[in-house]
Amino acid sequence: MTVHANYVDGRWIAGSDAIANINPSNVDDVVGHYAHADARLAREAVLAAHHAQASWGLSSPMQRSRPLQAVARGLETRIEEIALLLSREEGKTLGEARGEIQRAAEIFSYYAGETLRQAGGLHDSVRHGVTVEVTREPIGVVALITPWNVPLAIPAWKVAPALAYGNCVVLKPSEVAPGSAWLLSEIIAAAGFPPGVFNLVMGTGAELGRALLDAPELAGVSFTGSVPTGRSIADAAISGYKKLQLEMGGKNALVVLNDADLDLAVECALDGAFLATGQRCTASSRLIVTKGIYGRFVDEMNRRMSALRVGDALDNQTQIGPVASRAQFERDLHYIALARSEGGTVTGGEPLKRDHEGFFLSPCLVTDLGNNARVCREEIFGPVACVIAVNDYEEALATANDTQFGLSSGIVTTSLKHASHFRRHSQAGLVMVNMSTSGVDFHVPFGGRKSSSYGSREQGQHAAEFFTTTKTSYIRA
Ligand code: NAD
């Protein structure tokens with residue numbers, strides 16, 4: 001049995017155990033076995049990164065740019081192989097997987113360029129004859145902890161800026177889908193970074209998270225995942241004075257007003273709620289619809305949903321792949337049952353049989369519940385959306401903001417007045433007008449408000465806020 005190893009200090013290292021990675025389209029298909037690191041190996045990875053940090057932090061922009069470019073090329077060259085693996089381990093369709101890999105390649109390419117665009121500032125001091133220079137320096141060794149739903153692009157959008165800004169990295173991907181991050185690590189290992197600059201440890205969060213966060217050499221942690229995990233990471237990071245960046249859950253609202261183009265509204269809702277099996281932090285899980293269009297919207301949603309093809313992620317005809325894991329499948333079914341017991345009307349949400357045993361679920365629309373129902377307040381993270389009827393725009397906006405989350409929001413309307421007002425008054429970090437709440441660019445800030453995010457934004461040049469720290473120098477000539 002081949003076991004994909006951890007990568008520490010430039011060497012592939014076996015783990016204390018191995019995790020079988022299961023294909024959610026066919027539970028008899030083992031995608032691969034992935035080494036399970038223990039706390040001792042996590043500690044070694046931090047120490048390797050710490051030793052490498054001294055010279056990597058002082059490396060020239062081109063020393064960082066060239067290997068980042070090589071990673072971008074490696075991803076593009078191997079796109080079909082990685083897409084196959086990503087679809088098999090996470091259940092995204094092949095088209096969605098290719099899109100994710102292309103995006104990861106573009107991110108590495110973007111940050112290869114960013115190494116050359118780091119600017120500082122010069123100021124006249126308030127004291128005569130003194131100049132003040134403000135420069136940015138890397139923060140040091142960072143732990144990057146990532147979830148299963150975007151198993152390649154999220155590691156990419158943390159690793160690329162971390163390395164570009166001169167930090168050394170320990171990546172800890174999700175134990176549910178470690179294969180894509182492992183392939184990324186193989187490409188990084190061949191790209192020409194010095195040993196210790198990039199390290200990969202795989203295994204459970206509870207064991208490795210504690211070991212990473214307890215390490216005195218760790219300067220910061222960037223995490224994407226659920227709110228409860230984020231909270232426990234925050235507690236550990238703050239008590240150890242680590243810099244902290246958290247991207248967490250969502251209960252994103254798409255508002256549809258009476259004056260909306262119905263086809264566009266349904267298109268945005270189907271995309272936001274159900275593509276990628278609804279397993280996107282930016283998924284439209286609350287569809288807030290004014291009463292003048294509500295009936296037509298729900299009818300059209302039901303008609304279009306029943307035509308969506310749910311099936312094996314590797315089948316080119318499939319539009320919606322399986323739920324990614326048994327645990328998530330059971331969670332979705334639990335919330336669908338809860339919707340019924342809360343008095344909701346449920347359409348879809350049925351487990352489906354296909355050629356192989358897998359976690360297939362038909363898209364689910366819940367109606368006849370208010371925003372206070374638990375299924376409208378708690379993140380489900382599956383192909384389940386609630387439609388909430390409201391009287392007018394003002395009630396729609398208030399309902400959209402009435403949530404502990406604040407990642408993404410959207411409005412479908414032909415009214416410039418309402419679109420502009422919504423953009424300004426939505427309490428979310430991302431606001432979409434006549435677009436799905438999901439689907440973002442990589443060169444502009446990404447992140448939310450309230451319980452969805454904590455710390456500075458990811459992506460684009462804003463990533464420098466987390467991965468660098470300023471130094472203010474006073475110089476008397
Ligand atoms: P999760 O919180 O269960 O796990 C995320 C990562 O944290 C995994 O690598 C896991 O092993 C690790 N982990 C678990 N316990 C830990 C601990 N005590 N210490 C350190 N690490 C620990 O989340 P998940 O189920 O993998 O992902 C789904 C969640 O991610 C959803 O809530 C979703 O909204 C969120 N998400 C957010 C974004 C965003 O950008 N805001 C993007 C994608 C996913």
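**The shell around the ligand**

Guide: Domain 1 (3–248 + 452–476) and domain 2 (253–433) each give at least three residues to the shell around the ligand, with domain bounds taken from an automatic or database assignment. The model is predicted: local features need pLDDT of at least 70, side-chain atom pairs count only at pLDDT 80 or more, and totals for chains, interfaces and linings use all residues. Residues are numbered from 1 along each chain, and side-chain values use heavy atoms, without hydrogens and water.

Visitor: What makes the pair between Ser226 and the ligand a polar contact?

Guide: A polar contact is a pair of N or O atoms within 3.5 Å. A side-chain N or O atom of Ser226 is 2.7 Å from a ligand oxygen, so the pair counts.

Visitor: Why does Glu379 count too?

Guide: Its side chain has an N or O atom 2.6 Å from an oxygen of the ligand, so this pair is also within 3.5 Å.

Visitor: Why does the backbone of Gly225 count?

Guide: A backbone N or O atom of Gly225 lies 3.3 Å from a ligand oxygen, therefore within the 3.5 Å limit.

Conventions: A polar contact is a pair of N or O atoms within 3.5 Å; within protein, one must be able to donate a hydrogen and the other to accept it, and residues adjacent in sequence count only if both atoms are side-chain atoms.
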